[in-house]
Every structure is written in structure tokens, then in C-alpha cells.
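Open your viewer and get ready to click along. Each stop names something to select and then tells you what is there.

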Amino acid sequence: MSDLNPSPPTPRLVSAGMVDEWSHLLPGPERSAFVGACTEAGADDGRLQSVLGRYFSTWKTSLMADDLSRLQVLAIYVQIRDYVKVICLEDDSDEFEETSPSESSAIWPRHEDGQVAAEALGVGLLKAMLAAQQLRPDRLEIRDKRSVRAPSDPEIAAILARNILDGADLAVTAFILRKESPMTTIIAAELSAEHQGQGTGFSILRTADLCLSQDLNSYWADQILLHAPALKELSLSFWQPRHMPHTPPFILDNKAWPALEKLELSMAMLSAPIIMAILSKSEQSLTGVSFRLTTLGNNSTWAELLSRIGNEFPHLTWFKLTHLSEGPIGQSQITFLDLDKHSVVSKPYKTGLKMLQKGSAGTKRIPGVEYGGPDANHVLRIVAECAVAASVH
């Protein structure tokens, strides 16, 4: 198969003056090393192309001050901008956790709610370059870095990504909104340069890993769950999970759910109807489910939900269940207490079955179970029968 986004051709005649001009696209500390590497490469196109790829394939920028000036100059150099495959947006916040920033530091200004003041950055320039296809990256990444006193809220952090993606006419194949640490949120979009500029948006998105703030009342849940018909793999977690007293209308009324192959839920407080709604078009496509640190509310029970999944999704090949609970505040923890008895799971099904056991004989618990194999739906029905809710004391 041919490369859809091949490396750009290197100019055959590269003067010292041209190399010097290109060097000013780089941060100051990297310039002399770049000039040296180009000089060493000489007229060898292959070596020079390797040098250009090494220095320009990842373009880190704060969209402020000197970084913004370099981005403006990059628009002029067609030969160089075609090497940019990853655009990484971040400021210098983490460098000054213990000290005050210097005058040359690029620290993103923020509104009172912690949102990056996009209007103070070169967001418009970046969007214009993307929309005009002056830049055709494979990946756009934002690192939102806060402090211990003001942790990074994933959805507030992702507003900057929303400001960039809206109107840039990109084609997103994978989307990540994830907490890397309490202080850092990563937002990343894998892009298809082949489909850039065609109004594609999220229509070819296949993989999404979302960490939402509290519940599904979210811009990103709306965008991914309602406007990504090609979605196959969904990982969903919550930074500060809370029960939703009412199911959002867009969940129950959505007629365009994707046919998922994989669903992973963690750090979540949801009800069985919401989970089944998300899976409503996945009866013939779902091959695996994972539930970790997930609480079922609204009188839902794990025994019932797991039994339904085992009965209604015949093509399961794996599942993983870890530290589940149910009740208003997760007051009952789930243990699969009888699952280790020889009579419960017959020998053919034991292959591929793993159990996490805690405690000793009198206080033994089995809070985790996973299975991989051709009989996953049958084994899941057995596991559902063994699911017991034990009150937390």
C-alpha cells in the first residue's frame, strides 16, 4: 500500500544561508546543533532529510511570544512545514512549580474558572494554517499543566482543543482526553491528512478515550457519542464521578449510536439503562467489555447487567471486571464469592479465566474477574450468577 502522507522532498541545492534561515524556526538552544547536523549532511539528500525530520517532525509551541513568531515564519517555508507531523501545544508551567517564572517564560493566561484564555494566544493563526492545509499533521496534542493547588479539570482543559478543532476542518481518527496526573491533562487528536479539508470532523473517528469531569452532561460526550458513527472502541472514565439523578435525554433519544467493538468504563457512576443505551447498536459487533471501579445506581444491579450482556452480545471474546459496587454511594461492593468452587465453572471454561482474590478464609473476597476465550458470553452469565453485593462496613 502506498504511503498516503509521504515525507516531503528535500531541496537538492541547500545553501548555508537557507540552513541558517531554517534554524531560526527552532528554539534558540537547538539552532547551532541543527546547523552543524545540516553541514555534516552536506549534499547527501537522504541524510539531510533525516536531519530535517528529526528537528521538525514534532513542533512544540505555546502559541505565545517567540513561539508565535516562529509559527508565523513556518507558514513561509513550504519545504519545512511539510515535515511537521506532530503539533504539541504546552506552556512552561511545570518548569516553575517551585520558583517564579522568568520574563522569557511562556505561561498561558487563564480565566477565573481555569480555562486557557485562547483569545490571548495564536489560536487563530494555527487554525488558519490548518484550514488552509499549510500544516498537515498526523497528531495534534495539548498538555494542560496546572499545580497542586489548582488541579487540571479535564473538560476545562479541553476547551482549548475545542477552540482549535472548531473551524480547522480536520479529520479525527482517534481522540484522547485523559488525566496524566492530578496536575496534567492530555488532549490528543490523531488525524488523517488524506481527509483534511473535506468537512470530515469526527465522522471517521474509530477510537475514543474520554475522561470527563463528572457525568455524561458533556460537550465531548455529545460530540463523540452522537457524531462519530464509525466509532469502534470507547474508553470512558470520570475525574470526579457522581450519580446522574436523571438520564440525559440525548442518551435515551439517540438513534445513531455506533456499533462498538470494545467498551471500557472506569471511575464511573452510571445506571444499567445508560450502559445498555450506549451498547444498543452493538449486539453483533461487541467483542469485549471492561468495568473497573464502577458503581451502578438507580436500583441497577451488576448481576442483572452482566447477565444481560452475556445473553444479548453473542460475539464476546473477553471481559474484565474489577472493583465494582452498587447503591446510591457505592455502599455495596461486588464479590464473585462462589466462582472459585469447582462445581461452578466446568473445566472447559476454566481456561482463560482469572480471578483476583483478597482476604483469608473467613473474609475471602473475589473483587476481580477476567476471561479471554471463545465462550466469553457463556462464562459471563456464570459470573453474573455469582455476583453478590456485600455491604461496606
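In which helix does A157 lie? Select residues 154-157 and you have the answer: A157 belongs to helix α7. Keep in mind throughout that this is a predicted model.

**Stop 1: A157 and its surroundings**

Colour A157 on its own. Is A157 buried or exposed? A157 is buried, because its relative accessible area is 4%, and the cut-off for buried is under 20%. Next, show the residues around A157: leaving out those up to four places away in sequence, A157 touches D144, S152, T185 and I187. Now add V116 and draw a distance between the two C-alpha atoms. A157 and V116 are 7.3 Å apart in space, with their positions 41 residues apart in sequence.

**Stop 2: a closed space**

Keep I187 on screen, since I187 is in contact with A157 and also helps to line the second largest cavity. The structure holds 2 cavities of 30 Å³ or more, and the second largest has a volume of about 40 Å³. To frame this second largest cavity, select L140, I142, A161, L165, F175, I187, A188 and A189. Three elements each give two or more residues to the lining: β3 (139-145), α8 (159-165) and β5 (184-191). Which element gives the largest share? That is β5, with 3 residues.

**Stop 3: two loop residues**

From the cavity, follow the chain to the loops that lead into β3 and β4. Select Q133, found in the loop between α6 (123-131) and β3. Check the backbone here: phi of Q133 is near 60°, a positive value in a residue that is not glycine. Q133 counts as partly exposed because its relative accessible area is 31%, which falls between the cut-offs of 20% and 50%.

Then move to D169, in the loop between α8 and β4. What is phi of D169? The angle is near 55°, again positive in a residue other than glycine. With a relative accessible area of 27%, D169 is partly exposed.

**Stop 4: an open pocket**

Now turn to the second largest pocket, with a volume of about 260 Å³. Its lining has 16 residues, and those nearest the centre are L236, S237, S266, M267 and R292. Select the strands β4 (172-181), β6 (207-212), β7 (233-238), β8 (262-270) and β9 (288-296) to see the elements that give two or more residues to that lining.

Zoom in on S266, which sits in strand β8. S266 counts as buried because its relative accessibility is 14%, below the 20% cut-off. Which residues beyond its sequence neighbours are in contact with S266? Setting aside those within four places in sequence, they are L236, S237, F238, R292, L293 and T294. L236, S237 and R292 are also among the residues nearest the pocket centre.

**Stop 5: step back**

Reset the view and show the C-alpha trace, which spans about 80 × 50 × 45 Å along its principal axes. Colour by secondary structure for 14 helices and 15 strands. Of the 393 residues, 48% count as buried. Among contacts between residues at least 6 apart in sequence, 74% join residues at least 24 apart.

Finally, turn on the surface: the accessible area comes to about 18500 Å², and 52% of that belongs to carbon and sulfur atoms. Colouring by charge picks out 36 positive and 47 negative side chains, with the centres of the two sets 6 Å apart.

Notes: Residues are numbered from 1 along each chain as its sequence is written. This is a predicted model: local features need pLDDT of at least 70, side-chain atom pairs count only at pLDDT 80 or more; totals for chains, interfaces and linings use all residues. Side-chain values use heavy atoms; hydrogens and water are left out. Helices (H or I, at least four residues) and strands (E, at least two) are DSSP runs, numbered from the N terminus. Buried means under 20% relative accessible area, exposed over 50%, partly exposed in between (1.4 Å probe, protein chains only). Contact means heavy atoms within 4.5 Å. Accessible areas come from the Shrake-Rupley method with a 1.4 Å probe; for residues, only the protein chains shown count as cover. Lys and Arg count as positive and Asp and Glu as negative; His and the chain ends are not counted. The place of a charge is taken as NZ of Lys, CZ of Arg, CG of Asp or CD of Glu. On a 1 Å grid over the protein atoms alone, a cavity is a set of points where a 1.4 Å probe fits but cannot get out, and a pocket is an open set with protein on both sides within 12 Å along at least five of seven lines; lining residues have an atom within 4 Å of a point. Grid points are joined across faces, edges and corners, and a volume is the space filled by probe spheres set on the points.
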